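User: Could you show me how to read a ligand site and a salt bridge in a model like this?

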Amino acid sequence: MFINSGLSANRSINYDLILENLKGYLSKGVPFITNLANMAAIIRYFFDEVNWVGFYLIEKDRLFLGPFQGLPACTEIPLGKGVCGIAAKDQKTMIINDVTQFPDYISCDACSKSEIVVPIIKNNALFGVLDIDSPNVSRFGETERFVLESAVALLVDIL
Ligand code: SME
């Protein structure tokens, strides 16, 4: 599998590798949580300047921590609270360039400076969110939005 090919200095190559690896690893033949675990690892491996990659999964009106890579994180987030809860409630991707300027930000790792959250939605039903933190401000832009929304689309295909 491509995961052993090593990190490239070229972000666009790494982004291609994320999607290629996901196509190789994601499978309908294993429990869904297994796919989430590998997806967090793949994104963490190929994405530079990130300190946390993981999932929060919806249960009633709360998001609960799912598979992740990084420091231990808060275990539950109410729908509509924090970046994750807002992205989940509004069902749209949120990019926060500087978390210190976002009043509703929930801090889990003091190193985190910017964040992107992509909702996971199938047939209008919310499943959860993909959450990624960076130790640098303004780490996530439109390219990252495209790559991560494409990655989540691959996941949704096997939901
Ligand atoms: N910052 C998130 C909380 C989750 S951690 O970043 C892992 C938020 O505001 O929802």
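Analyst: We will take the ligand site, then the salt bridges. This is a predicted model in which local features need pLDDT of at least 70 and side-chain atom pairs count only at pLDDT 80 or more, while totals for chains, interfaces and linings use all residues. Residues are numbered from 1 along each chain as its sequence is written, and side-chain values use heavy atoms, with hydrogens and water left out.

User: Which residues come nearest to the ligand?

Analyst: A residue is near a molecule if one of its heavy atoms lies within 4 Å of it. Here 13 residues surround the ligand, and Val83, Cys84, Ile106, Glu115 and Asp133 come nearest.

User: Which element gives the largest share of the shell?

Analyst: Helices (H or I, at least four residues) and strands (E, at least two) are DSSP runs, numbered from the N terminus. Helix H3 (82-90) is one of the elements supplying at least two shell residues, and H3 gives the largest share, with 3 residues.

User: What polar contacts does the ligand have?

Analyst: A polar contact is a pair of N or O atoms within 3.5 Å. Backbone N or O atoms lie 3.0 Å from a ligand oxygen in Val83 and 2.9 Å from a ligand oxygen in Cys84. A side-chain N or O atom of Glu115 is 3.0 Å from a ligand nitrogen.

User: How many salt bridges are there?

Analyst: Side chains of opposite charge can pair when their charged atoms come close. The rule asks for a side-chain nitrogen of Lys or Arg within 4 Å of a carboxyl oxygen of Asp or Glu, and the count is 6. One salt bridge joins Arg11 and Asp48 at 3.1 Å, N to O. These two are 37 residues apart, with Arg11 in helix H1 and Asp48 in the loop between helix H2 and strand S1.

Conventions: A polar contact is a pair of N or O atoms within 3.5 Å; within protein, one must be able to donate a hydrogen and the other to accept it, and residues adjacent in sequence count only if both atoms are side-chain atoms.
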